[in-house]
Amino acid sequence: MKQVLSVQNMSVTFALHNSEVHAVREMNFDLAEGETLAVVGESGSGKSQAFLAIMGLLARNGRTGGRAMMGDVNLIGMATDQLDRYRGKDIAMIFQDPMTSLNPSLKIKTQLSEVLVKHRGFDKAKATNTAIEMLERVGIPEPAKRANAYPHQLSGGMRQRVMIAMALLCQPKILIADEPTTALDVTVQAQMLDLFKTLTDDFGTSLVLITHDLGVVAGVADRMMVMYGGRAVEKGGVDDLFYDPRHPYTLGLLHSTPHIAKRAARLDPIQGLPPSLEHLPKGCSFNPRCAFAFDRCLIERPPLTDAGSGREKACFYEGPMAYGKVA
Amino acid sequence: MISYAFRRVLSAIPIVFLTITVCFFILRLAPGGPFDGERALPVNVLKNLRAHYNLDQPILTQFFLYVGGVLRGDFGPSMVMEDFTVSRLLSIGLPFTLMLGFTAFIVGTIAGLVAGALAAVNQNRWPDYLLVFVVLIPLIIPNFLMANLAQLIFGVYLGWLPVGGYRAGSYINLVMPILILAMPHGARVARLVRGSMIEVLGTNYIRTARSKGLGAALILTRHAIKPALLPVVSYLGPGLSYLLTGSLVVEQIFALPGIGKYFITAALNRDYGLVLGTTILYVFIILALNLIVDVLYAWLDPKVRLN
Ligand SMILES: Nc1ncnc2c1ncn2[C@@H]1O[C@H](COP(=O)(O)OP(=O)(O)OP(=O)(O)O)[C@@H](O)[C@H]1O
Ligand SMILES: [Mg+2]
């Protein structure tokens, strides 16, 4: 299958006053055409920063290492004006918070049409018409009227639809959606996920879905990457990871997700707190919270290794892992 | 929008009335009167004068007579400069004062906007540090001191600019007063713009704009300027009022023919009519400015406009 994005040995580091925070380390993954990749992990595991880095949107104190190849261009370290030829056109991003991600002082149509003017060279009228069509497509009633509205006149769900429309205007090869449903209420969440699925299928767009809710992943994603303390700890097909997790952290995540944990008859959140990136434990970062940890895990960090059938995991433990036996 | 403006105008009426009342009585409370000169006037002359200007009436009657006059657009005679009505004096000095104030306002606002935006875009790099420092100077040194220093340096020592005075058309004489007036205003605007621009550049919606690949210029001009201007615009009204009042002093220092000259002499001479007239006029100007600013604000912020 054709790969649209290939991330190689990527790292994200933030400079602090007299130290550094490694938010992402040694990240590797490929994204195939039309595929949906879910990126899951607890708060602070580096999910957002990894993809903001690819988009060139890190905070000023951030540095990115490694490569993110989109075809034969490396997005990392690219000069901003050159990056601007790809951002919004071939690779687009939707952010966590629809309430603050639209400019409050500009009409919806302005914020949409400018993308087409910039990347497609449309004139204003044509861009506006196309924008209105796209609003209709994402399920906004009376799109022509809404196009003239300001963001504060729309509900959260509507705003997130606007964000989706905006990101898909140029039919990008890659869409990164950073917790696109977290801020919305549950009924709207399901509609929104449907919408993602339909539109990315229609456009052949590859989707990266960042979330900490495995419930969201279930119906939508093909593959998934589990992150812990800035690193990928398990990767593989969604079904494989759901039914047969190989990393205790993946197991723990499954356990703390209500309607998946039902099968295990009880909800069993992972004990303890996510690690501070500045003071990662020695050995495997997950060891203090892991029920399967043994001596080796305290000394050595398990590398991400092939676990067969297109899966990878970073764990020394090879024995069986039963539900219920999580820390 | 129009009804909003209309309501604002209505709500200004009590403010005007209150100002007139307070000023009227405070002036009368101050010791001395318009006819206390170096040489005491003969008693019967004084009596006639007082009768002529209604000053022998009970103070409340005087007040109502005055308010009645103002309502008819008559600010009364000047009590010190005979043969002049207050309206006449104001119409001589006001155009000059307004011209001076507005020019300084425009110069200061534009310079402040540009400097503040440049500093914000270069946050924590040398242009920013430079601006933050330079801007402190006119904020710390008061107007009159600055004016005198400028006269001394550029007028006397260097001889680049005239020290003061003004004849129609000699615009070179206005350079120094305008800059002196504009500097503290520009400094305040620059600080405000810098702060709000830095805040806006860190918002999620600017990140969205960057993610769309719009480019720095478009992001600044279309996405960042409008929201960053909001706090600045609400300062512009009061800012212009400071400028116009500051202008009274600066006019005096540079011997310029604005109402500043009349106002200060009038206050010293207890020229009740002229002081009140000038004050009322200023209140009007300031209220009008605030109204304009509010309308501008509504244009910038759709939330205000549509509610
Ligand atoms: N500008 C910065 N300077 C220093 N550290 C930062 C900066 N931005 C992010 N970080 C750190 O990077 C780490 C990873 O953050 P990230 O936003 O990727 O988390 P996340 O996995 O997306 O979590 P969430 O689910 O809460 O969104 C966090 O510990 C955060 O404190
Ligand atoms: Mg995040």
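**Sheets, a helix and a patch**

Analyst: A:Asp306 has A:Glu312 of β12(A) as its bridge partner. Keep in mind that this is a predicted model.

User: How do β11(A) and β12(A) pair, parallel or antiparallel?

Analyst: The two strands pair in the antiparallel sense, over two bridges.

User: What does A:Glu312 in β12(A) stand opposite, in β10(A)?

Analyst: A:Glu312 stands opposite A:Lys235. Strand β12 (residues 312-313) of chain A is joined to β10(A) by two bridges, and these strands run antiparallel.

User: What sheet is this, and in what order do its strands come?

Analyst: It is an open sheet of eight strands in chain A, with the order β6-β7-β8-β3-β9-β10-β12-β11 and mixed pairing. Its edge strands are β6 and β11 (305-306) of chain A, each of which pairs on one side only.

User: And β10(A), how many of its residues are buried?

Analyst: Seven of the seven residues in strand β10 (residues 231-237) of chain A are buried, so the strand is mostly covered; buried here means under 20% relative accessible area.

User: What links β9(A) to β10(A)?

Analyst: They form a hairpin with two residues between them, and A:Gly229 in the turn has a positive phi of about 55 degrees. Six bridges join strand β9 (residues 223-228) of chain A to β10(A), and the two run antiparallel. Within that pair, A:Met227 stands opposite A:Ala232.

User: Next, A:Val238. Where is it?

Analyst: A:Val238 is in helix α9 (residues 238-243) of chain A.

User: Buried or exposed?

Analyst: A:Val238 is buried, because its relative accessible area is 4% and the cut-off for buried is under 20%.

User: What is A:Val238 in contact with, leaving aside neighbours within four places in sequence?

Analyst: Its contacts are A:Val217, A:Ala218, A:Ala221, A:Asp222, A:Arg223 and A:Met224. The C-alpha atoms of A:Val238 and A:Met225 are separated by 8.9 Å, and these residues are 13 apart along the chain.

User: Other topic: the open sheet of four strands in chain A. What is the order?

Analyst: The order is β2-β1-β4-β5, with antiparallel pairing. β2 (20-32) and β5 (73-74) of chain A are the edge strands, each pairing on one side only. Helix α1 (residues 47-54) of chain A packs on this sheet and touches β1 (3-15), β2 and β4 of chain A; the helix direction makes about 110 degrees with that of β1(A).

User: How many bridges join β4(A) to β5(A)?

Analyst: Two bridges join strand β4 (residues 62-70) of chain A to β5(A), and the strands run antiparallel. A:Met69 has A:Asn74 in β5(A) as its bridge partner.

User: Over to chain B. Which residues of α9(B) are buried?

Analyst: In helix α9 (residues 204-211) of chain B, the buried residues are B:Tyr205, B:Ile206, B:Thr208, B:Ala209 and B:Ser211.

User: What covers them?

Analyst: The cover includes β6 (91-94) and α6 (156-168) of chain A, together with α8 (172-201) and α10 (216-253) of chain B. In chain A, α6(A) lies across β6 and β7 (174-178), running at about 175 degrees to β6(A).

User: What comes just after α9(B)?

Analyst: B:Gly213, which takes a positive phi of about 70 degrees.

User: Last one. Which helix gives the most to the nonpolar patch?

Analyst: Helix α7 (residues 143-157) of chain B does, with eight residues. The surface patch is about 1100 Å², and its members include B:Phe144, B:Leu152, B:Trp160 and B:Val249. B:Leu152 is found in α7 of chain B and is partly exposed, with a relative accessible area of 38%.

Methods:
Residues numbered from 1 in each chain as written. Chains lettered and ligands numbered in written order. Predicted model: local features only at pLDDT ≥ 70, side-chain atom pairs only at ≥ 80, totals over all residues. Heavy atoms only, no water. Buried < 20%, exposed > 50% of the residue type's maximum accessible area, 1.4 Å probe, protein only. Contact = heavy atoms within 4.5 Å. Patch = residues over 30% accessible without salt bridge, like charges linked within 9 Å, V, L, I, M, F, W, Y side chains within 5 Å. Areas by Shrake-Rupley, 256 points an atom, 1.4 Å probe, with all protein chains shown as cover. Salt bridge = Lys/Arg side-chain N within 4 Å of Asp/Glu carboxyl O. Pairing = 2+ DSSP bridges. Axes fitted to C-alpha atoms, helices over the stretch in contact; angles between N-to-C directions.
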